[in-house]
Amino acid sequence: MTDHAAFRGLGIAFRHLSAAILLTALASISGPVIGWSNANASPTAANKTESTNQSAEKQITGKKPGETADHSKFEILQQDFKSGPEVTKACLSCHTEAATQVHDSIHWKWEYDNEKTGQKLGKRYVINAFCGNVASNEARCTSCHAGYGWKDMRENPPSAPEAVDCLVCHADTQYYKKFPTKAGLPVTEPTMFGGKPFKVSNLIEAAQSVSLPQRDNCGSCHYYGGGGDGVKHGDIDSSLDNPSVDLDVHMAADGGNMACSACHSGSGHVWPGSRYDMDAKPQARDEEGKKLPSFAMRRMNETASCESCHTDAPHQGKTLEAIKLNNHTDTVACQTCHIPEFARGGVATKMLWDWSTAGKLKDGKPFAIKDDKGHPSYDSKKGDFIYEENVQPTYSWFNGKVNYVTDEDRLDTTQPVVLNALGGSAEDENARIWPFKLMHTKQPIDAENKKLVYMHLFGKDANAFWKNFDWAKAIQGGQDYMGKDYSGKFEFIETRMWWPITHMVAPANKAVQCDECHVKGGRLENIEGVYIPGRDDLPLISWLGYGLIILTILGVAIHTIFRFATRKQRNH
């Protein structure tokens, strides 16, 4: 443990001791005995509100409620639209700057220049631990692009204003859905997909239904990242369309009834909260230590955060419990206590993906297997999986900086390769303890160059893995497509990816309890560089604590005796 970490740990320990001193002082002044809160007591609610029945059709967004236009009455939206771009052209006749704004967003570019690390990131460039890469698989992957017709990652997205897809974010989802393999376009005539009829979009109804984005608009892509419901994130899946209060206090209809943009509240079609640009410890006070108002905090931090509404002292009241819990916010992220498990809405999340076993056939045909809970456990196209529900997060120090492995980095394969290494430690004043989903994957690399490779999975050509089930051809095809050197030899290695957990916020009475962390073998067992009372043994600190507790008891006893003695004198 470094000197800085030791001081930070001792600081936490002495805050516990100060609380004991405060007890002694309060006991001497007020007379009544004030005891430590039970370790199993629920943390005080942060900004607790009464449950209301907010079953209104529209969820609360980042703007004040109350729309000023009924789009069903606009004559230009009552025409017989034949395609998505036709609808966009009609939208732009009023919303003249919308396409220009969208064209400048990460949702459109799929790229992000990280000023903290100097890396160029985004779906366009990053090779991840799920489906690997977008490049060479565009028609399948760009079904989640906020536009129409992007078919080649080697080129910029279409520049035409009408290539923007207004409906995917703004239309009622009962009328509109992108087709999985048409580069973002919907279908307006009966079409089969996977042997089943695919939903036909009603462009007229969709155009007239537009409003501020609701959760199912955002979720139509974000729920299904990685190739299926809840596969990638763990804390974002279709259960959030209509969650109970126990699943998410902010999104439940009888809780906050919030749309995604209530927290990811941006303007000009730019939304804060990307995992590429996170504040692990948002600035909540000015230089003089005064609390910043929400609007100022959002302007200074430019990210979605708990603090932007709840401040850095969210536990109300002057009780010892509230004081102690507020002391934690310097080193512990809100999510660490208030999201006890993820994937707890009835939708399992993928925790392990082994691509090395993909390609097995039965009687020359691909097949799939499900586990005893009905979750996929093997698919010829994708390999072996492990899905889990109600997963306890993995905890780590995090300062908001993430370094990604790119296709140019030479890998050390003597141990699992972390594709997005987290910044932060106990010594870092900008780091806090955060909850994560830690994804385990086995994926291919160039066996000689020791670099990540592009997997060409989707397509009708001879190299596509989902057509020929031949890894040699699929990897060669992906590397050739991107113009990357390839030795012609591949191997599979273990990789890891960290995914921050920020959704599925539980009610205060179901938050993580004190004795789940302040105990040996608890949730924070692997957190290094800091002293955690109950988990760690520092004899001097422990004996000082015991001594102060004894002094507290003695102080109360002496004070009680003194009061009884002086009461008799006063009576005489």
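**Salt bridges, a hairpin and one cavity**

Lys450 comes out as buried, with a relative accessibility of 17%; here buried means under 20% relative accessible area, exposed over 50%, and partly exposed in between (1.4 Å probe, protein chains only). The model is a predicted one, so to speak of local features takes a pLDDT of at least 70 and side-chain atom pairs count only at pLDDT 80 or more, while totals for chains, interfaces and linings use all residues. Residues are numbered from 1 along each chain as its sequence is written, and side-chain values use heavy atoms, with hydrogens and water left out.

The partner of Lys450 is Glu491: their side chains meet in a salt bridge at 2.6 Å, N to O (a salt bridge being a side-chain nitrogen of Lys or Arg within 4 Å of a carboxyl oxygen of Asp or Glu). Glu491 sits in strand E14 and Lys450 in the loop between strand E13 (432-446) and helix H13 (465-468), so this contact ties together parts 41 residues apart in sequence. Helices (H or I, at least four residues) and strands (E, at least two) are DSSP runs, numbered from the N terminus. Unlike buried Lys450, Glu491 is partly exposed, at 26%.

Over the whole structure, the search turns up 19 salt bridges. One of them links Glu341 to Arg523, with the closest N and O atoms 3.3 Å apart. Glu341 belongs to the loop between helix H12 (334-338) and E5, and Arg523 to the loop between E14 and helix H15 (539-571), so the pair bridges parts that are 182 residues apart in sequence. Arg523 is buried at 10% relative accessible area, whereas Glu341, at 25%, is partly exposed.

Lys484 and Asp407 also join up through a salt bridge, at 3.3 Å from N to O. Lys484 is found in the loop between helix H14 (471-482) and E14, and Asp407 in the loop between E10 and strand E11 (417-418), so parts 77 residues apart in sequence are tied together. Asp407 is buried at 15%, and Lys484 is partly exposed at 26%. These two residues don't stand alone: Asp407, Glu408, Lys451 and Lys484 are linked in a network of salt bridges.

Turning to the strands, E8 (residues 383-388) runs antiparallel to E5 (residues 349-354), and five bridges join them (strands pair if DSSP finds at least two bridges between them). Within that pairing, Trp353 has Phe385 of E8 as its bridge partner. E8 also pairs with E7 (residues 376-379), again in the antiparallel sense, over two bridges. Tyr378 is matched there with Asp384 of E8. E7 and E8 make a hairpin, with three residues between them.

As for empty space, the whole structure holds one cavity of 30 Å³ or more. A cavity is a set of points on a 1 Å grid over the protein atoms alone where a 1.4 Å probe fits but cannot get out, and lining residues have an atom within 4 Å of a point. The largest cavity has a volume of about 50 Å³, volume being the space filled by probe spheres set on the points. Its lining consists of Arg275, Met278, Phe398, Val402, Tyr404, Asn420, Leu422, Phe436, Trp498 and Pro500. Strands E10 (402-404), E12 (420-422) and E14 (490-500) each give two or more residues to that lining. By type, the lining of the largest cavity splits into eight nonpolar, one polar and one charged, where Ala, Val, Leu, Ile, Met, Phe, Trp, Tyr, Cys and Pro count as nonpolar, Asp, Glu, Lys and Arg as charged, and the others as polar.

How values were computed. On a 1 Å grid over the protein atoms alone, a cavity is a set of points where a 1.4 Å probe fits but cannot get out, and a pocket is an open set with protein on both sides within 12 Å along at least five of seven lines; lining residues have an atom within 4 Å of a point.
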